[in-house]
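Me: I am new to this one. Could you walk me through it, and give the reasoning behind each label?

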Amino acid sequence: MHTLPEKKVIAITGSMGSGKSQVSKYIANFYPVIDCDRINADLIKKDHEGYRKLVQFDWIVLDKNYEIDKTKMASSMFSDKTKKKQVEQILHPLIFEQIDKWKQEQQSSLVFVEVPILFEIQAQSKFDEIWCVYCDEQVALERLVKYRHFTLEQAKQRLQHQFSVEYKKQNSDVCIENNGGLEQLEKQIDELLEKRSVNGK
């Protein structure tokens, strides 16, 4: 009796502004990829499960369409550890439920999950391998200001709430440097994927 090959699940992580989404987008040309931030965004939409649980907190602000004001929620979370913990205790289990369901639906024996705060929530054991995307702090700050429209102070505040780049690199299986351009980044990914293809992993 033939058995299906065991599915290998690789986490893509790294600090804000490192370029995780660029890596995920490129890998998606070859393998299934799911993004925790997108799952999170769906969960807090009006009438979704995360939304129904979060609106029980009196500090959650709704906009004129009764959607959660994500900007105000993020501001409250990053200035109050208790509120941050309340949100994470609700959303993180729901996110991993969605990941598990998605994983089982995939036909590929190799799948990727983009998990921005993998180490911060101590989710390493849920994955077979961890790929860390990293760049210099100044590069990350410039990207957050330019592409995410944060002020410099907001960008610094977000990075301060995450583990250091060195910690993430030291605790990852693969490190992908992303200080340069897209061509350099894609070349690294091609080499990594080719190595797994050759080794049958």
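Reply: One term to begin with. Contact means heavy atoms within 4.5 Å. This is a predicted model. Among contacts in the chain between residues at least 6 apart in sequence, 71% join residues at least 24 apart.

Me: What makes up the secondary structure of the chain, and in which pattern along the sequence?

Reply: The chain has nine helices and five strands. From start to end, the pattern reads β-α-β-α-α-α-α-β-β-α-α-α-β-α.

Me: How do you know whether the chain is as compact as a globular protein of that length?

Reply: Set the radius of gyration against the globule rule. The rule is 2.2 Å times the number of residues to the power 0.38. For 201 residues it gives 17 Å, and the chain has 18 Å, which is close, so the chain is as compact as a globular protein of that length. The C-alpha trace spans about 55 × 45 × 25 Å along its principal axes.

Me: How much of the chain counts as buried, and what does the chain expose?

Reply: The cut-off for buried is under 20% relative accessible area. Of the 201 residues, 43% count as buried. The chain exposes about 12,200 Å², and carbon and sulfur atoms supply 47% of that area.

Me: Why are α4 and α5 called oblique to each other?

Reply: Start with the angle. Helix α4 (residues 70-79) and helix α5 (residues 81-105) pack at about 120°, with axes 5 Å apart. Roughly perpendicular covers 65 to 115 degrees, and roughly antiparallel needs over 145. The angle of about 120° fits neither class. α4 and α5 are therefore oblique.

Me: Which residues of α4 and α5 meet?

Reply: From α4 come S76, M77, F78 and S79; from α5 come K81, K83, K84 and V87. The residues of this contact divide into three nonpolar, two polar and three charged.

Me: What makes the phi of D47 worth a look?

Reply: Its sign. Most residues other than glycine have a negative phi. Phi of D47 is near 75°, a positive value in a residue other than glycine. D47 lies in the loop between α2 (36-43) and α3 (49-54).

Me: What is the phi of Q122, and where does Q122 lie?

Reply: Phi of Q122 is near 55°, a positive value, and Q122 is not a glycine. Q122 sits in the loop between β3 (110-114) and β4 (129-134).

Me: Why does Q122 count as buried or exposed?

Reply: Exposed means over 50% relative accessible area. Q122 has 64% relative accessibility, so Q122 counts as exposed.

Terms used. Residues numbered from 1 in each chain as written. Predicted model: local features only at pLDDT ≥ 70, side-chain atom pairs only at ≥ 80, totals over all residues. Heavy atoms only, no water. Axes fitted to C-alpha atoms, helices over the stretch in contact; angles between N-to-C directions. Helix = DSSP H or I, 4+ residues; strand = E, 2+ residues; numbered from the N terminus. Parallel < 35°, antiparallel > 145°, perpendicular 65-115°, else oblique. Nonpolar A, V, L, I, M, F, W, Y, C, P; charged D, E, K, R; others polar. Buried < 20%, exposed > 50% of the residue type's maximum accessible area, 1.4 Å probe, protein only. Areas by Shrake-Rupley, 256 points an atom, 1.4 Å probe, with all protein chains shown as cover.
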